[in-house]
Amino acid sequence: MEFRDILSETKANLTGDPNKDGPYLKQQSEKYRNTEFSAALDREFSEMILNITEKKYKDELYSFLDQENTDVERQIENAEKRFSNLNFNGGIKILEEIIRNNLPAWQDTSTVTYKCFGTPLEYLLYKNLFEDKNDAKEIKSVNCNLAKVYWLYAYALIKKKRYDEAYKALERAKELNPVDPELYIQYFDFAKLTNNMEELKNCCNMLLKCAVTKDQVGDAYFNYSYYYSEMRQFDKALALLQMSHIFKDSELYATELDYISKSMGLSGLPKMYDTNQLMDILLGENIQPGPSAAVVHIANSVAKELENESEFKYAKYFYDIVYELTEDQNTLNHIKEISKKIRDRNYFS
């Protein structure tokens with residue numbers, strides 16, 4: 001028989017059970033031991049049994065996780081309750097069990113990447129910001145919000161001053177969902193406590209790219225202001241603090257403004273920048289001016305698709321994001337129309 005004929009026959013007789021296929025492949029190896037392509041066949045047989053064993057392992061692992069991960073949301077809530085009561089050790093224990101169960105799974109390959117996006121917006125934003133268009137991997141879903149598990153775990157580790165472990169947890173969360181705004185908010189505390197200002201600046205940049213609320217936009221600019229204060233560039237710190245105040249009323253605004261004023265050698269409050277001056281500073285520092293146009297565009301596109309499919313409740317969710325970030329009156333009027341359709345549907349259902 002020819003080489004390819006032997007391979008075809010062998011593959012056709014495989015069962016998928018390594019306990020049966022292992023001995024069979026060994027027999028095939030012995031049968032063709034004296035042929036000129038014996039070594040090539042052995043390589044093919046080795047790869048066959050490796051793939052069969054790996055598939056069986058993964059099938060059993062994912063079957064186990066399908067059962068275990070059904071309770072992850074409840075476990076996350078339990079951990080958060082413990083954190084709110086300052087019981088960080090108790091919350092860490094809960095999250096470590098989830099992480100331990102999932103540790104052998106969800107490992108990227110050369111062709112597949114595992115992600116856990118919370119919304120279609122995050123999925124599309126990831127493709128827009130991170131996907132290599134020339135070498136796109138297949139995106140497969142993790143069967144729970146494992147990214148949140150990791151950044152919550154990092155939050156607790158930071159509180160316990162276990163910074164090296166916290167950083168690894170944050171990095172794993174970023175691998176699983178690099179467009180989760182809450183992830184970068186957790187990074188801020190880590191970067192400040194470890195005095196990693198470049199990390200802080202990078203996270204401000206990323207939060208602006210994926211923010212879906214004005215508060216998140218304000219958080220990004222506020223932390224940019226902190227960065228420039230640490231760099232002793234107080235004119236830029238003032239501009240970014242002013243930007244943060246446009247989007248969010250922070251209780252720390254007055255304190256930061258007073259600190260910047262004194263650092264600039266002023267006896268009173270500094271003169272605020274006008275719109276053109278703010279824009280010049282932002283563009284000069286390569287900082288995104290305002291909410292992400294990509295987030296607004298994608299949210300609007302998803303909303304329209306859902307509306308066309310008569311999924312009014314979900315369409316409203318994404319139109320709300322558009323209005324939150326743009327305060328566009330036409331969008332608000334459209335949200336009111338959709339809200340009426342939702343009420344009418346509920347009334348007649």
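# Exercises on a predicted model

Glu327 sits in the loop between α16 and α17. Keep that residue in mind, and keep in mind too that the model is predicted.

**Exercise 1. Work out what sets the backbone of Glu327 apart, and find a residue elsewhere with a positive phi.**

Step 1: Start with the general rule. Most residues other than glycine have a negative phi.

Step 2: Check Glu327. Its phi is near 55°, a positive value in a residue that isn't glycine.

Step 3: Now look at Lys161, where phi is near 60°, again positive in a residue other than glycine. Lys161 belongs to the loop between α7 and α8. With a relative accessibility of 62%, Lys161 counts as exposed, because the cut-off for that is over 50%.

**Exercise 2. Find the salt-bridge partner of Glu327 and say where the two residues lie.**

Step 1: Look for a side chain of the other sign. Side chains of opposite charge can pair when their charged atoms come close.

Step 2: The partner is Lys214, with 3.6 Å between the closest N and O atoms.

Step 3: Place both ends. Lys214 is in helix α11 (residues 214–230), while Glu327 is in the loop between α16 (312–326) and α17 (329–348), so this bridge ties together distant parts of the chain, 113 residues apart.

Step 4: See whether anything else joins in. Glu324 does: Lys214, Glu324 and Glu327 are connected in a network of salt bridges. As for solvent, Lys214 is partly exposed, at 22% relative accessibility.

**Exercise 3. Describe the salt bridges Glu171–Lys174 and Arg74–Asp71.**

Step 1: Get the overall count. The whole structure has 13 salt bridges.

Step 2: In the Glu171–Lys174 bridge, the closest N and O atoms are 3.3 Å apart. The two residues are three apart in helix α8 (residues 163–176), which means about one helical turn separates them. Glu171 is partly exposed at 24% relative accessible area, and Lys174 is partly exposed at 26%.

Step 3: For Arg74 and Asp71, the N to O distance is 3.5 Å. Arg74 is partly exposed, at 45%, and Asp71 is partly exposed too, at 34%.

**Exercise 4. Glu256 is a charged residue without a salt bridge; say which side chain of opposite charge is nearest and what Glu256 touches.**

Step 1: Locate Glu256 in helix α13 (residues 253–263).

Step 2: Glu256 is buried, and the nearest side chain of opposite charge is Lys192, 7.5 Å away. A salt bridge needs N and O within 4 Å.

Step 3: List the neighbours. Leaving aside residues up to four places away in sequence, Glu256 touches Phe222 and Leu241.

Step 4: So what is Lys192 up to? Its charged end sits over the ring of Tyr226, 4.7 Å from the ring centre.

**Exercise 5. Classify the ring pair Tyr224–Tyr228 as stacked, tilted or edge-to-face.**

Step 1: Know what to look up. A pair of aromatic rings is described by the distance of the centres and the angle of the planes.

Step 2: There are 13 aromatic pairs in the structure. In this one the ring centres are 6.5 Å apart and the planes are at 20°. Planes under 30 degrees apart count as stacked, so that's the class here.

Step 3: Add the setting. Both tyrosines lie in helix α11, four residues apart, or about one turn of the helix, and both are buried.

Step 4: For a bigger grouping, go to Phe117, Tyr123, Tyr126 and Phe130, which ring pairs link into a cluster.

**Exercise 6. Find the hubs of the largest nonpolar core, then look at the second core.**

Step 1: The largest core has 92 residues, and Leu146 and Tyr221 touch the most other members. Helix α7 (residues 146–159) contributes the most, with 11 residues.

Step 2: Follow Tyr221 outward. Not counting residues up to four places away in sequence, its contacts include Leu208, Leu240, Met243, Phe247, Leu282 and Ile287.

Step 3: A second, separate core has five residues, among them Ile6, Leu7, Phe37 and Leu41. Leu7, in helix α1 (residues 3–12), is buried, with a relative accessible area of 9%. Leu7 and Leu41 are 34 residues apart in sequence, yet 7.7 Å apart C-alpha to C-alpha.

Methods
Residues are numbered from 1 along each chain as its sequence is written. This is a predicted model: local features need pLDDT of at least 70, side-chain atom pairs count only at pLDDT 80 or more; totals for chains, interfaces and linings use all residues. Side-chain values use heavy atoms; hydrogens and water are left out. Buried means under 20% relative accessible area, exposed over 50%, partly exposed in between (1.4 Å probe, protein chains only). Rings of Phe, Tyr and Trp (its six-membered ring) pair if their centres lie within 6.5 Å; planes under 30 degrees apart count as stacked, over 60 as edge-to-face and the rest as tilted. A charge sits over a ring if NZ of Lys or CZ of Arg is within 6 Å of the ring centre and within 35 degrees of the ring normal. Lys and Arg count as positive and Asp and Glu as negative; His and the chain ends are not counted. Contact means heavy atoms within 4.5 Å. A nonpolar core is a set of buried Ala, Val, Leu, Ile, Met, Phe, Trp, Tyr and Cys residues joined through side-chain atoms within 4.5 Å.
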